[in-house]
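Please open the structure in your viewer and keep the selection panel at hand for the stops that follow.

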Amino acid sequence: MDQKTTEYSDLFNRLTQSTLVVIVTIGLGMMIWVAYLFRSYDGLVTITSFDQAQVARNLHFGNGFTTGIITPLALSLREEALFPPDLQNSPAYIHFLAWFFNRFGVSDEVVLASSLFLSLLAGIGIFILAWLMTKNLIWSAMVFLVFAAALGTLEFAFNPSSAAMLSLLLVIFAGLYYFYDRRSLHQVMLLGAGAGLLYLAEFDFLLLSVPIGILVARSFEGKKLRAALVFAGGFILLSSPWLIRNTIVAGNPVYSFRWADFVIHSRAFPGNRFLRDYGAAFSGAPFPHLSWSKFTGLIRLMNRYWLSYSHLLIMPLFLVSLFLNLGNRRWERANRLILCLFFFQLILIAFGNGRLDRLLAFTPLIALSGMTAFKELLEDYFPRQVIIRWTCIGVFVLAGVYPGFMAIARGLPDQRYLSTIFAGEDIELMRRAERLAELRSTVRENEAIVSDIPWPVAWYAHRTVLWFPWEVEQLKEIKEKFEEIKFIYLSPIVFEYPEIENVADWASIYRSGMVPEWLPIDRGVLLPGDDVLLGDLILERLDLE
C-alpha cells in the first residue's frame, strides 16, 4: 500500500512539474508577444494582410471567394469589374479567417487575433514535436522560446497572412513524416493529403509537392510507383474541391495569377508591369517562365535579407544540419525533407517575384532543427559534462531570444520579409475613417475606383478597387468597357513607387488634380491625408455645388 502511494505521489509530482514547465514556457512566449503588441505593433501595414482580409470578409458576407482588389491583367480577362472570383490567394487561411469573422466579427483586431492564434498553435506544435523526439521538457521549452522570440515569428505573427497557417501545417506535416511507417500505403496517402493541404495554404506547394512525393516514394519499402500514385491520389483527393472550383470559374484546375510571379520583374516586364498592363496575355498555368538574369538579380538582392534571418542564431546550424549526425534516424529523414523544401522554395522565390516572406513559415522548423543540431554537437564534444552542455544551451537560447527583445524595444529591423508600404499612423487614420469617410459617401457599392493603394482602400472603404494601370492611356479603354469604374483615388504614396513602376503620369495627375482631356473625369476634391479623389459625380454626391 505504501509503495503504491509512493508511486502515485511520484507520478503526481512529475505531472505537476511537467504542467508547470508547459505553463511557464507558453506564458513566457505570450509575454514576449504581448510586450511587442503594446510597444512596437503598427497595425495592418502589409499588402498581403489587407488583400486576404478583404477576400475573407467577402466570403463571410456571402459573396463567395471573391475579391475587391483587381489588377488590370485580371480585368482584361473579365466581362464585369465588380466582385470577380479571387484567383490570387490560396484558400486555406482565408476560409479560416472567414470562420473567425463569423465567431468574433469583422475588424483589424480579429484579423490579428487569427494570425496570433495560428502562430501560437505552431509554437505548441513544435514544442510537442520536440518533446516526442527527446522526451525532455526543458529542452522542448527552450525550442519554443527560441521560436516565440525569433524575428521571423514576430513578423508573420503580427502581419497576418497565410504564413501563420502554413507554419502550423508544416509543423504537422513534419510530425507526420517523422512518424511515417515506410511500409504503410495508408500513411503515404495521408502524406499526400497533407501535401494537398499545404498547397491550399500556399500555392507554391503545387510545385514543392513534387520533391515531397519523390522523397516519400523513394523511402517507401515496397513498389515505388504504387507509392507515388497513392501519394498523388491523396493530394488530389484533399485539394479536389479547390481544383473543381478553379475549373468552373477559370477553366483550369490550377489557374492562378500567382503564376504571374515568374513573369514580373523580368527584362520583358520590369517591376509589376505584367500585372498592371491591361490586355497582357496570361495562361494561368503554373509553368515557370525562367529567366537566368532575373534569378541572379534577385539572388543578389537577397543578400541584405540574409542578415535579417541570421539574427536567428540557429540559422547556420539549420543549414549545416544536413551534414551532421543528429542522433535520431527519423528526425534526420524529416530534416532532409525540411531542408529540401526550404531550398526549393528559395529557388522558386528567385525565379518568381523575390518575396522572401514565403520563407517565414519555416521558422518553427528552423528553430527545432537548429537547436537539435546544436544539442548533438554539444553531446559529441562534451559527452559526460552535462552541466557544461546545459550551460551552453542556456547561453545560446538567451543569445537567440535577444533580437526578439530588441524588436520589442525598437521594432523590427529594416530588412523586412513582409514589405510595409504604409506607415502605422496612416493606417490609424484610415481605421478611424478620417481619410475614407468622404470616399465611402461618394462612391457607391456598385461602383469601382482606380487607385495607387487599392489594398487598404478595399479593406477600409468596402469598395472594389482597380490597381492603377501601367499607362494612363489604358484607363480610357478600361472605362469604355467597364462603366462601373467612375473614380480615381490617389495618395502621396504614388511618389514612393520606384522609378521602374512607371508612375510619373499618375504622379502628375496627383500634383495637378487634372486628368488628360480624353479621359471623361473632370472634377476632383482633396481628402484628409492629402489624398485626391477625381470623378464626374463628386460635386453632386458631396453637395458642394
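**First stop: helix 4**

Select helix 4, whose buried residues (under 20% relative accessible area, 1.4 Å probe, protein chains only) are Pro91, Ala92, Tyr93, Ile94, Phe96, Leu97, Ala98, Phe100 and Phe101. This is a predicted model, in which local features need pLDDT of at least 70, side-chain atom pairs count only at pLDDT 80 or more, and totals for chains, interfaces and linings use all residues. Residues are numbered from 1 along each chain as its sequence is written, and side-chain values use heavy atoms, with hydrogens and water left out. Helices here are DSSP runs (H or I, at least four residues), numbered from the N terminus. Among the elements covering the buried residues of helix 4 are helix 2 (47–60), helix 5 (108–134) and helix 11 (224–250). Just after helix 4, select glycine 105, which takes a positive phi of about 95°.

**Second stop: the core**

Next, select Tyr199, Met371, Ile488 and Trp506, the residues with the most contacts inside the largest nonpolar core, which has 177 residues; such a core joins buried Ala, Val, Leu, Ile, Met, Phe, Trp, Tyr and Cys residues through side-chain atoms within 4.5 Å. Helix 8 (residues 162–178) gives the largest share of this core, 12 residues.

**Third stop: a pocket**

Finally, select Arg182, Ser219, Arg329, Arg333 and Arg336, which lie nearest the centre of the second largest pocket, among its 16 lining residues. A pocket is an open set of points on a 1 Å grid over the protein atoms alone, where a 1.4 Å probe fits, with protein on both sides within 12 Å along at least five of seven lines, and lining residues have an atom within 4 Å of a point. Helix 16 supplies the largest share of this lining, 6 residues.

Note on methods. Buried means under 20% relative accessible area, exposed over 50%, partly exposed in between (1.4 Å probe, protein chains only). Helices (H or I, at least four residues) and strands (E, at least two) are DSSP runs, numbered from the N terminus. Contact means heavy atoms within 4.5 Å.
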